[in-house]
Amino acid sequence: MFARAAARTLSQSRTFSSSAARQSKVAVLGAGGGIGQPLSLLLKLDPLVTSLNLYDIRGAPGVAADVSHVDTNSEVKGFAADKLDEALEGTEVIVVPAGVPRKPGMTRDDLFNTNASIVRDLAAAIGRVSPKACILVISNPVNSTVPIVAATLEKQGVFDEKRLFGVTTLDVVRAARFLGGIAGTDPKETVVTVVGGHSGATIVPLLSQIPSGKSVSGEAYEKLVHRIQFGGDEVVKAKDGAGSATLSMAYAGARFANSVLRGLNGEKNVITPTFVKSPLFADQGIDFFSSNVELGVNGVEKIYPIGSLSAEEEKLLAACLPDLKKNIEKGKAFVAQS
Ligand code: NAI
């Protein structure tokens with residue numbers, strides 16, 4: 001029953017939906033980048049966004065001027081490097097794709113040294129200026145950057161675990177697309193719950209929970225799981241040094257932001273996987289985890305358990321947990337030492 005509800009909610013969210021007029025100021029931090037630009041465009045098209053603040057250390061005013069000409073009602077403003085506080089003022093949702101992307105041969109963890117301090121400093125500004133905003137973290141490694149944001153806000157005494165999200169939607173998007181390609185199902189109707197974290201072996205697709213996923217077995221199953229876990233590498237390789245997924249990520253980021261806004265708007269039954277502070281594996285020292293989460297007026301309304309797993313998925317989960325634990329601890333240690 002839950003899977004059906006999630007399927008309905010997720011498929012509805014393919015196209016932006018709005019139920020009631022409401023003021024929502026959204027900021028994008030890193031708006032001048034490969035993800036930031038198309039993400040800003042897609043947010044301009046979202047009727048739930050009434051005001052859009054675009055910030056980057058480079059190029060945001062230009063992106064804002066460009067996007068602002070699109071004929072939807074929302075106001076768009078661009079903010080230069082020294083205007084971060086102004087960009088954050090009064091925001092309800094803040095999407096963060098700031099930081100460097102991968103080059104061929106790199107893992108997401110290789111980005112840690114550069115992106116950890118970028119994300120920590122942006123989080124500190126959010127905690128100071130807009131502590132009640134929902135924060136949607138795209139910057140990699142998500143498994144570490146989300147704990148970095150949490151620990152930074154905790155230090156400031158303003159952390160609200162219901163309002164911090166790691167964006168793992170691209171894994172869900174890829175799973176639907178790749179499984180659809182094999183099983184012959186419409187990706188729009190193919191809702192795969194992906195749990196765990198957002199890198200390699202920490203990405204755990206629960207294919208057995210839907211009939212089309214259950215029908216894939218043997219070598220085809222192994223290949224499908226590998227493609228979902230490492231699909232990002234296909235893009236990094238094909239872009240040959242020019243970055244990682246930007247367009248599909250912008251789509252995924254805008255879709256997740258729309259889900260958060262629909263929840264804040266009071267819409268019921270908005271359920272999607274996201275990486276949040278979670279009790280599910282906290283007894284094993286893993287206090288952030290992605291599973292299906294119901295979004296609501298306060299952000300996280302309900303964290304769903306992962307449900308029943310096949311024997312293969314039990315193995316995937318067993319491989320995920322130690323890596324995820326290390327990634328989370330690395331993020332926490334970084335803030336503790338800062
Ligand atoms: P990019 O290099 O094209 O853009 C990053 C932007 O961040 C640049 O415009 C840069 O000026 C800006 N920036 C750097 N420091 C900043 C700061 N302190 N404040 C504000 N802006 C700052 O990179 P791209 O491709 O847009 O990727 C961004 C991040 O998203 C990377 O860390 C990448 O690994 C991650 N990513 C996450 C995915 C996910 O599924 N969560 C999927 C794909 C990428």
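Q: How many Å separate the centres of domain 1 and domain 2?
A: In this predicted model, the gap between the two centres, taken over C-alpha atoms, comes to 21 Å. The domain assignment puts domain 1 at 17-166 and domain 2 at 169-331.

Q: What makes residues of domain 1 and domain 2 count as being in contact?
A: Two residues are in contact if their C-beta atoms, placed from the backbone, lie within 7 Å. Go by that cut-off, and 44 residues of domain 1 are in contact with 41 residues of domain 2.

Q: Which elements give two or more residues to the side of domain 1 that touches domain 2?
A: You'll find helix 2 (36-44), helix 6 (142-156), strand 4 (93-96), strand 5 (134-137) and strand 6 (164-166) there. Helix 6 provides the largest share, eight residues. Sorted by class, that side has 25 nonpolar, nine polar and ten charged residues.

Q: What puts a residue near the ligand?
A: Its C-beta atom, placed from the backbone, has to lie within 6 Å of the molecule. 32 residues surround the ligand, and the closest are Gly30, Gly33, Gly34, Ile35 and Asn140.

Q: Why is Gly counted as polar or nonpolar here?
A: Gly isn't on the nonpolar list or the charged list, so Gly goes with the others, as polar. With classes set that way, the shell around the ligand has 16 nonpolar, 13 polar and three charged residues.

Q: How do you know which domains the shell around the ligand draws residues from?
A: Just check each one: domain 1 and domain 2 each give at least three residues to the shell. Among helices and strands, helix 5 (residues 112-129) gives the most, with three residues.

Conventions:
Residues are numbered from 1 along each chain as its sequence is written. This is a predicted model: local features need pLDDT of at least 70, side-chain atom pairs count only at pLDDT 80 or more; totals for chains, interfaces and linings use all residues. Domain bounds come from an automatic or database domain assignment. Helices (H or I, at least four residues) and strands (E, at least two) are DSSP runs, numbered from the N terminus.
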